[in-house]
Amino acid sequence: MENNQIIMKDKLGLFGILKETLAIVHKNPSFIILTFLISLPLFCSLLAHEIFFQQTIIETTKCQLRDSISVNCSPSTNGTTSCVYQMIGPIDTFKEIIEKLTGRYLVLGLSYLGIVHLLDLFCTIVIVNSASVIYARENRINVKEMWDRTIKGVSLKGPFITSIYALLMSSLSLLGLVSLATNFYVISNASLFTVFFGLLCIPWLAKHMEWNAIWNMGVVLSVLEEKQGVIALGVSAYISRGCRRRGLFLMLIFFVWRLALRLSCLYVGWSEGGSGIGVTAAHVSLVCFGNVVKWVAFVVYFYDCKKRFLEKKVDVEQGSAAEALK
């Protein structure tokens, strides 16, 4: 989209972005058909990955929730039974998890990076380009034309590099948040430290959401413009200044969506010993739908941030010109 077209767009708040997003998703049958077709490989890979992931999480939880006392009973020579009681501490539980489940977690990580992430990136590129075409033209185009415009001149290198940077930084930020929450759980008996770590978790989660909004917009920028890696993320951080609160709430909405789906699916899996193919397929379908809506929303958010940035730039240039004429 050209700069003149961007400036002609209206400024949008959070609900304005969501309204434009739903309009793109709902009012364009060609977009719905295209995103459905390209999401099928991602759906299949996510389904297999999700089934294996749920089984691993359930096994891990069972190791953590088992009895803290182990009882080993054996018959003695005089006809009585002798029992040995052994306390099971958190270190023993952690060692058991490492011994039994390290292989599973390794397979999960490699399958996600090697298969799921690449298919997700391909879907992201198509969704972002298609949403950009629709948002710029504001009229309907057929599936073939949308596919041609989406694939024409698209480079996988830039978005791939940017997505790796975004995934790495998001993982490190989430790891820090999980570590903080773990410390909060371990020292929860001390009231002063409980309050301290509890107060730290809330702002960290907010910053994590805000940073993820910047990184996601960096991926959008690398798809729509010839920027990649640190440069794309830096430009994203620069043009989103003054707009980050909306990015934070956008990420929070999709975070709550994914968390609710995850917890509900794990609850069903825990209570029934497994979620089953039907429940897991429904869960993955909703995840794919949320993924489409998320990237369309970030396309709209990107153009709104760029509009505000260009307006500020024009105002500064006009102010400088006026000062020069005095």
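## Overall architecture

From the N terminus onward, the elements of the protein follow the order α-α-α-β-β-α-α-α-α-α-α-α. This amounts to 10 helices and 2 strands. The model is predicted.

Of the 326 residues in the protein, 38% are buried. Among contacts with a separation of 6 or more, 77% join residues that stand 24 or more positions apart. The protein exposes about 18900 Å², and carbon and sulfur atoms supply 66% of that area.

## A buried histidine in helix 10

Helix 10 spans residues 276–325, and His-283 has its place within this helix. The relative accessibility of His-283 is 5%. Because buried means under 20% relative accessible area, His-283 counts as buried.

Which residues are in contact with His-283, leaving aside its neighbours within four places in sequence? They are Glu-50, Leu-261, Arg-262 and Cys-265.

## A nonpolar patch and helix 3

The surface carries a nonpolar patch of about 380 Å², made by Ile-33, Phe-36, Leu-37 and Leu-40. One of these residues, Leu-37, lies in helix 3, which covers residues 29–65.

Is Leu-37 buried or partly exposed? Its relative accessibility is 47%. Since partly exposed residues fall between the buried limit of 20% and the exposed limit of 50%, Leu-37 counts as partly exposed. Leu-37 thus contributes to the nonpolar surface patch while being classed as partly exposed, whereas His-283 of helix 10 is classed as buried.

Key: Residues are numbered from 1 along each chain as its sequence is written. This is a predicted model: local features need pLDDT of at least 70, side-chain atom pairs count only at pLDDT 80 or more; totals for chains, interfaces and linings use all residues. Side-chain values use heavy atoms; hydrogens and water are left out. Helices (H or I, at least four residues) and strands (E, at least two) are DSSP runs, numbered from the N terminus. Buried means under 20% relative accessible area, exposed over 50%, partly exposed in between (1.4 Å probe, protein chains only). Contact means heavy atoms within 4.5 Å. Accessible areas come from the Shrake-Rupley method with a 1.4 Å probe; for residues, only the protein chains shown count as cover. Patches are made of residues with over 30% relative accessible area and no salt bridge: like charges are joined within 9 Å, nonpolar side chains (Val, Leu, Ile, Met, Phe, Trp, Tyr) within 5 Å. A salt bridge is a side-chain nitrogen of Lys or Arg within 4 Å of a carboxyl oxygen of Asp or Glu.
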